[in-house]
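Student: I would like a close look at one part of this protein. Could you walk me through a place where two helices meet?

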Amino acid sequence: MKLDPLAPLVFALAVTLPALGFALTDTVPLPERNPERATKSAEKETTEPGEEPTLPWLSSKVVEARAECDKLLAEIAIEYEMLPPIRRGICGTPAPILIKSIGSNPKVRISPPATINCKLAVALNDWLKEKVQPEAMKSFGTPVVRLRNAASYACRNRNSNPNGVLSEHARANALDISEFTLETGVLVTVLDSWPRVYVAPVPPLPEPNPVRLAEATGSVAPAFAASSALSLKPRLSPVSHVRVLIGNTTEVTKIRVNPFVVATPSPPPVLATPALLAPPEPPQPLKPRPEHKSAFVRSIYAEACKNFGTTLGPSADAAHRNHFHFDMKYRRSGYCR
């Protein structure tokens, strides 16, 4: 039998390589992680949107956005200032506006002025005109004249979470409203007026009947109390004459007294032509009650879901407990919480 000359070499490799592998694994440690790369990686995960590379808007994009803005705002009553394009990292918009007031008769002031885009301004106008003002007149008898701007443009992530997604505020596409001021000066805040369980006050008990109280305590006999109660009724006199009004004079006609007929009181005669009636006074504004304010904010919030792409309020989460958040993010159907 003739042996293959390579057989001893193959056998030797088969025995020594596994042993060598185990030895290398046990004795050679893995390379340590590069600390510089690890730091850069951690920084990249928490980079704020404004710290990303900034690419300026193309001039054609700015011209197009401003032309659309002029077209949208031409149909509404609004006081605003056109701002330069905003670009900071991945934040900004090509045609922002600084809105100072919106609507007319009455004009609704935005305090402080808000930096938003034009589509959001149109949606805000429609909401105020179609729902907020009619509901304010219905609930309080007076319109809203001021909105408190809690937040408009801000280069940040959603809920200021460094690891979150980009907020619509970073695109000037969102507005937070925390307070409504009525024409009478009354404030309606989202924080204090959002509907809660309302317990109606218990009405006071009626005053006790003195006659029955005397009977119950035994200080007055029931029969005497009843007779006393009857004696309090006024005595009615029988009819002895009749007054007849003829023109501006009164004639008295005597008739035979009937002791079984009781006179019926009648209003005094009108001897002169009544004065012309004064014009009715305009309705006075109602004094808002807590339940009226709650019904107001709940109603206008529900209607806002039809005007904005996203509507968030105190029921959404703790971050929105004191304001309404409205934005125009594109959705197939409005998101309302």
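Tutor: Happy to! Let's start with handedness: the crossing of H4 and H8 is right-handed, meaning that the near helix is turned clockwise from the far one by less than a right angle, while anticlockwise would make a crossing left-handed. This is a predicted model, where local features need pLDDT of at least 70 and side-chain atom pairs count only at pLDDT 80 or more, though totals for chains, interfaces and linings use all residues. Residues are numbered from 1 along each chain as its sequence is written, and side-chain values use heavy atoms, leaving out hydrogens and water.

H4 covers residues 118-140 and H8 residues 290-304; helices here are DSSP runs of H or I with at least four residues, numbered from the N terminus. Their axes are 10 Å apart and pack at an angle of about 165°. Axes are lines fitted to C-alpha atoms over the stretch in contact, and angles run from 0 to 180 degrees between N-to-C directions. H4 is therefore roughly antiparallel to H8, a term for angles over 145 degrees.

Which residues in H4 meet H8? They are Trp127, Lys131, Val132, Glu135, Ala136, Ser139 and Phe140. On the H8 side are His292, Lys293, Phe296, Ser299, Ile300, Glu303 and Ala304, where contact means heavy atoms within 4.5 Å. The residues of this contact divide into seven nonpolar, three polar and four charged. Ala, Val, Leu, Ile, Met, Phe, Trp, Tyr, Cys and Pro count as nonpolar, Asp, Glu, Lys and Arg as charged, and the others, Gly among them, as polar.

For the wider setting, the protein has eight helices and 13 strands, a strand being a DSSP run of E with at least two residues.

Notes. Angles under 35 degrees count as roughly parallel, over 145 as roughly antiparallel, 65 to 115 as roughly perpendicular and the rest as oblique.
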